[in-house]
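User: I'd like to go through this model and ask where each label comes from. Could you set the values against the definitions for me?

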Amino acid sequence: VRFPEDLEDDNTTFNPEYSHQVFGDDEVAFGYKGLKILLYYIAGNLSTLFRIEYTSKVNEKFDCVEADDVESKIREIIPPGFCTNTDDFVSLLEKEVNFKPFGMLLHTYSVHNEEAGEDITYQIYKADMTCPGFREYHERLQTFLMWFIETASFIDVDDERWNYFLVFEKYNKDGATLFATVGYMTVYNYYVYPDKTRPRVSQMLVLPPFQGEGHGAQLLETVHRYYMSSPTVLDITAEDPSENYVKLRDFVLVKLCQDLLCFSPGKLMQGFSQEMVMEAQQKLKINKHHTRRVYEILRLRATDMGDAEQSRSYRLDVKRRLIGPYKKKQRELAKMRRCLRPEELTNQLNQIDLNMQHEQLEESFQQLVSDYRRVLERLAQA
């Protein structure tokens, strides 16, 4: 909500992707007809208005059953101090002009908005719990995780090893410059013996009204550049990354790596090398596993897949990496079967496994190439 009229505007409304963490696996609130759970947030400081509406509710006296206590379930995830009536909320909205982003400005960028017909400015800040008011703001901000990240949990903000990176949009209201929350990322700094740290991305969220505009890539690249400048950082990883996050990371890391000398077309065609591992790790804080993916994406770009020899060479190179887990599994199965079954049957079963593995391997390869092509298409448009 930026203006009072936004309260009645369905265009500013978005729905949760998940509600199982609040309402159980069935995602059902029992005992109501026409139930609406309404959460309004002021765009900048995220002050909250919480309301429940319904047309009817089961009555213990007549129906002998009790409706779910929806209000208590929501109160468990939103911090105290929220509004319950619109007038209080609107009076808070008038004070929004005083809200300023927390922490240190790291990056400013703009995105062209077709609808508005103009460039909109965004800024990325790094904050921590010593910033006045940030703790309370973060409590409100993290409530979005429950609705948009499948396995979200709240973090221990008293642990000083957490870093917070925030994205804000700058907008004008009655001649004043205001800020709206766009998204954020939390990063935990793990200790690596003897004197390094390994920042691990824990949570990353771009709010639905801003998704698909490139903010995730801007945020991840800014965070990478922030840690790249630190001599004590070993490399940057992510905790249990989603499929979408992996695609985003592929794009950002390829963008950062493509200008390194070790990834020149000539060197790419010679195969994956220790030089690539060293340079990506030292200059960009990228680990070996991620560097290998970057190499495969950039080598695909440098390969003429219409040329039979180049195409075959690329396919074999990628499949050699993909076959590692299959080979290990094959060895384990062979050991087990020697103990459990006659030798003839073992050979037959191994043969079946082998055929299945070839099919799975080809499927994995084709899926990978498809994902890599999407990264390269996005790179070409960047």
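User: What makes aspartate 174 exposed rather than buried?

Analyst: Happy to help! Aspartate 174 has a relative accessible area of 77%. Buried means under 20% relative accessible area, exposed over 50%, and partly exposed in between, with a 1.4 Å probe and protein chains only. The 77% is over 50%, so aspartate 174 is called exposed. A word on the background: this is a predicted model, where local features need pLDDT of at least 70, side-chain atom pairs count only at pLDDT 80 or more, and totals for chains, interfaces and linings use all residues. Residues are numbered from 1 along each chain as its sequence is written, and side-chain values use heavy atoms, leaving out hydrogens and water.

User: Where is aspartate 174 found?

Analyst: Aspartate 174 is in the loop between E7 and E8. Helices (H or I, at least four residues) and strands (E, at least two) are DSSP runs, numbered from the N terminus. Aspartate 174 also has a positive phi of about 55 degrees, although it is not a glycine.

User: Why is leucine 46 called buried?

Analyst: Its relative accessible area is 2%, and that is under the 20% limit, so leucine 46 counts as buried. Leucine 46 belongs to the loop between E2 and E3. Although not a glycine, leucine 46 has a positive phi of about 65 degrees.

User: How do you know that strands E2 and E3 pair?

Analyst: Two strands pair if DSSP finds at least two bridges between them. E2 (residues 36–41) and E3 (residues 48–53) have six bridges in the antiparallel sense, so they meet that rule. In this pairing, lysine 36 stands opposite glutamate 53 in E3. The hairpin has six residues between the strands.

User: What makes E5 and E10 edge strands?

Analyst: The order of the open sheet of six strands is E5-E6-E7-E8-E9-E10, with mixed pairing. Strand E5 (104–113) and strand E10 (237–238) each have a single partner strand, so one side of each is left without a neighbour in the sheet. Further in, E6 (residues 118–127) and E7 (residues 162–173) pair in the antiparallel sense over six bridges. Glutamine 123 has phenylalanine 168 in E7 as its bridge partner.

User: Why is glutamate 239 called partly exposed?

Analyst: Its relative accessibility is 39%, which falls between 20% and 50%, so partly exposed is the right label. Glutamate 239 sits in the loop between E10 and helix H8 (243–257). An unreviewed UniProt entry annotates Glu239 as "active site". UniProt positions are given in the numbering used here, feature names are shortened, and annotations may be inferred rather than shown by experiment.

User: Which residues does glutamate 239 touch?

Analyst: Leaving aside residues up to four places away in sequence, glutamate 239 touches Arg200, Val201 and Ser202. Contact means heavy atoms within 4.5 Å.

User: Why is valine 28 called partly exposed?

Analyst: The value for valine 28 is 47% relative accessibility, again between the two limits, so it is partly exposed. Valine 28 is in the loop between helix H1 (20–23) and strand E1 (32–33).

User: And which label suits glutamate 5, buried or exposed?

Analyst: Glutamate 5 has a relative accessible area of 55%, and because that is over 50%, glutamate 5 is exposed. Glutamate 5 is in the segment before H1. Its C-alpha atom is separated from that of valine 90 by 10.0 Å, with the two positions 85 residues apart along the chain counted as their spacing.

User: What makes the peptide bond between tyrosine 193 and proline 194 cis?

Analyst: Omega is about 0 degrees for that cis bond. Proline 194 lies in the loop between strand E8 (176–192) and strand E9 (196–206).
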